[in-house]
Amino acid sequence: YQWFSLKEFTTPYVYAGLAGARPFLSHYLLNALAQRNLTPADLAIVGFSQGGMVALDMMFAVLGLRGVICYSG
């Protein structure tokens with residue numbers, strides 16, 4: 001899944017892409033946890049490539065995650 005365009009791979013452009021994806025994904029994750037009576041401490045996120053960047057960003061959006069794994073080639 002491409003979370004944001006990578007036409008321009010510069011730091012400000014990537015930060016802007018992460019900022020756009022952050023509210024959507026953090027809201028989704030927090031709702032999914034609440035539906036299951038779980039907390040962020042029960043969740044580890046794994047991402048590959050661009051998803052790895054998004055997973056790492058979730059450390060700051062969903063505080064207290066069990067862990068984050070980022071794979072990239």
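A residue is called exposed when its relative accessible area is over 50%, buried when that area is under 20%, and partly exposed in between. Tyr15 counts as exposed by this rule, because its relative accessibility is 56%. This residue is found in helix 1. The structure discussed here is a predicted model.

## Helix 1

Helix 1 covers residues 11–35. Its 25 residues should span 36 Å at 1.5 Å a residue, and the separation of 35 Å between its end C-alpha atoms agrees with that expectation. The helix nevertheless contains a kink of about 35° at Arg22, shortly before the proline Pro23.

The buried residues of helix 1 are Val14, Gly17, Leu18, Ala21, Leu25, Ser26, Leu29, Ala32 and Leu33. Strand 1 and helix 2 are among the elements that cover them. Arg22, the site of the kink, is partly exposed, with a relative accessible area of 28%.

## The β-α-β unit

Strand 1, helix 2 and strand 2 together form a right-handed β-α-β unit. The two strands, residues 44–48 and residues 67–71, pair in the parallel sense through 5 bridges. Within this pairing, Ala44 stands opposite Gly67 of strand 2, and Ile45 has Val68 of strand 2 as its bridge partner.

The side chains of strand 1 alternate between two faces. Ile45 and Gly47 point to one face and are buried, whereas Ala44, Val46 and Phe48 point to the other and are not buried. Ile45 is thus both a buried residue of strand 1 and a bridge partner of a residue in strand 2.

Helix 2 comprises residues 50–61. For its 12 residues, a rise of 1.5 Å a residue gives an expected span of 16 Å; the end C-alpha atoms lie 17 Å apart, which agrees. Its buried residues are Gln50, Gly51, Gly52, Val54, Ala55, Asp57 and Met58. The cover over these residues includes helix 1, strand 1 and strand 2.

## The link between the helices

By the distance rule applied here, the model holds 1 salt bridge. It joins the side chains of Arg22 and Asp57, with an N to O distance of 2.8 Å. Arg22 lies in helix 1 and Asp57 in helix 2, so the salt bridge ties together parts that are 35 residues apart in sequence.

How accessible are the two partners, Arg22 and Asp57? Arg22 is partly exposed because its relative accessible area of 28% falls between the limits of 20% and 50%. Asp57 is buried because its value of 11% is under the 20% limit.

Which residues does Asp57 touch, leaving aside those up to four places away in sequence? The contacts are with Leu18 and Arg22. Leu18 is one of the buried residues of helix 1. Tyr15 and Asp57 are 42 residues apart along the chain, and their C-alpha atoms are separated by 9.6 Å.

## Loop residues with positive phi

Most residues other than glycine have a negative phi. Two loop positions with a positive phi are described here. Asn37 is placed in the loop between helix 1 and strand 1, just after the end of helix 1. Its phi is near 55°, a positive value in a residue other than glycine. Ser49 lies in the loop between strand 1 and helix 2, and its phi is positive at about 60° although it is not a glycine.

The accessibility of these two loop residues is set out below, together with that of the residues discussed above.

| Residue | Relative accessible area | Class |
|---|---|---|
| Tyr15 | 56% | exposed |
| Arg22 | 28% | partly exposed |
| Asn37 | 72% | exposed |
| Ser49 | 35% | partly exposed |
| Asp57 | 11% | buried |

Asn37 is exposed because its value of 72% is over 50%. Ser49 is partly exposed because its value of 35% falls between 20% and 50%.

How values were computed:
Residues numbered from 1 in each chain as written. Predicted model: local features only at pLDDT ≥ 70, side-chain atom pairs only at ≥ 80, totals over all residues. Heavy atoms only, no water. Pairing = 2+ DSSP bridges. Helix = DSSP H or I, 4+ residues; strand = E, 2+ residues; numbered from the N terminus. Right-handed = clockwise from strand over helix to strand, strands pointing away. Salt bridge = Lys/Arg side-chain N within 4 Å of Asp/Glu carboxyl O. Buried < 20%, exposed > 50% of the residue type's maximum accessible area, 1.4 Å probe, protein only. Expected span 1.5 Å × (residues − 1). Bend = angle between axes of the 7 residues up to and from the residue. Contact = heavy atoms within 4.5 Å.
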